[in-house]
Amino acid sequence: MPQAEEEEHDCESKAGDREGCFFVAMEYVEGETVAQILRRERRMDPRRATAIALEIAAQLEALHSFQAQIEGRAAAVVHGDIKPSNIQVAANGRIYLLDL
């Protein structure tokens, strides 16, 4: 299991524990949310939707497996607001989970 301090992930974010406070810092990414795409296109190709869902599942697995020691106790991260407006598709096609 990853430990705290400061870990870089391939989604160009940093997570860690500084002075007893857990943090996640992410870069600003240009693109559209899945909600915006669905409003514009009305529906999404099932293969594209599956690819996005698989990537988000992988990101959630990594996020939820991260633990930090805060004040001597293990603290885990749980994203509690998964929805189309919190999934960003960048101009280059990369998928990002927002609103941590």
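Let me begin with helix 2, where Ile52, Ile56, Gln59, Leu60 and Leu63 are buried. These residues lie on the same side of helix 2, because they cover an arc of only 105 degrees around the axis. Please keep in mind throughout that this is a predicted model, and that every value I mention is computed from it.

If we turn to the other side of helix 2, we find that Pro46, Arg47, Leu54 and Glu61 are exposed. As for its length, helix 2 has 20 residues and reaches 28 Å from its first C-alpha to its last, which is close to the 28 Å expected at 1.5 Å a residue. At the N-terminal end of helix 2 there is a cap, aspartate 45, which places a side-chain oxygen 3.0 Å from the backbone nitrogen of arginine 47.

What do the buried residues of helix 2 pack against? Their partners are helix 1, strand 7 and strand 8, and this brings me to the core. The largest nonpolar core has 13 residues, and those with the most contacts inside it are Val34, Ile52, Ile56, Ile87, Val89 and Ile95. Two or more residues of this core come from each of helix 1 (34-41), helix 2 (46-65), strand 7 (87-90) and strand 8 (95-97), with helix 2 giving the largest share, four residues.

To see this core from one position, consider isoleucine 87: once we leave aside its neighbours within four places in sequence, isoleucine 87 is in contact with Glu32, Thr33, Val34, Ile52, Ile56, Ile95, Tyr96 and Leu97.

Now I would like to move to the charged side chains, where the count comes to five salt bridges. One of them joins arginine 40 to glutamate 32, at 2.3 Å from N to O, and another joins arginine 40 to glutamate 41, with the closest N and O atoms 2.9 Å apart. Are these residues buried, or are they at least partly exposed? Arginine 40, at 48% relative accessibility, counts as partly exposed, glutamate 32 is partly exposed with a relative accessible area of 28%, and glutamate 41 is partly exposed as well, at 33%.

A further salt bridge is formed by aspartate 81 and lysine 83, whose closest N and O atoms are 3.4 Å apart. Aspartate 81 is partly exposed at 28% relative accessibility, and lysine 83 is partly exposed at 36%. Finally, salt bridges that share partners join Glu32, Arg40, Glu41 and Arg48 into one network.

Methods. Residues are numbered from 1 along each chain as its sequence is written. This is a predicted model: local features need pLDDT of at least 70, side-chain atom pairs count only at pLDDT 80 or more; totals for chains, interfaces and linings use all residues. Side-chain values use heavy atoms; hydrogens and water are left out. A nonpolar core is a set of buried Ala, Val, Leu, Ile, Met, Phe, Trp, Tyr and Cys residues joined through side-chain atoms within 4.5 Å. Buried means under 20% relative accessible area, exposed over 50%, partly exposed in between (1.4 Å probe, protein chains only). Contact means heavy atoms within 4.5 Å. The expected span of a helix is 1.5 Å times one less than its number of residues. The arc is that of the directions from the helix axis to the C-beta atoms. A polar contact is a pair of N or O atoms within 3.5 Å; within protein, one must be able to donate a hydrogen and the other to accept it, and residues adjacent in sequence count only if both atoms are side-chain atoms. A salt bridge is a side-chain nitrogen of Lys or Arg within 4 Å of a carboxyl oxygen of Asp or Glu.
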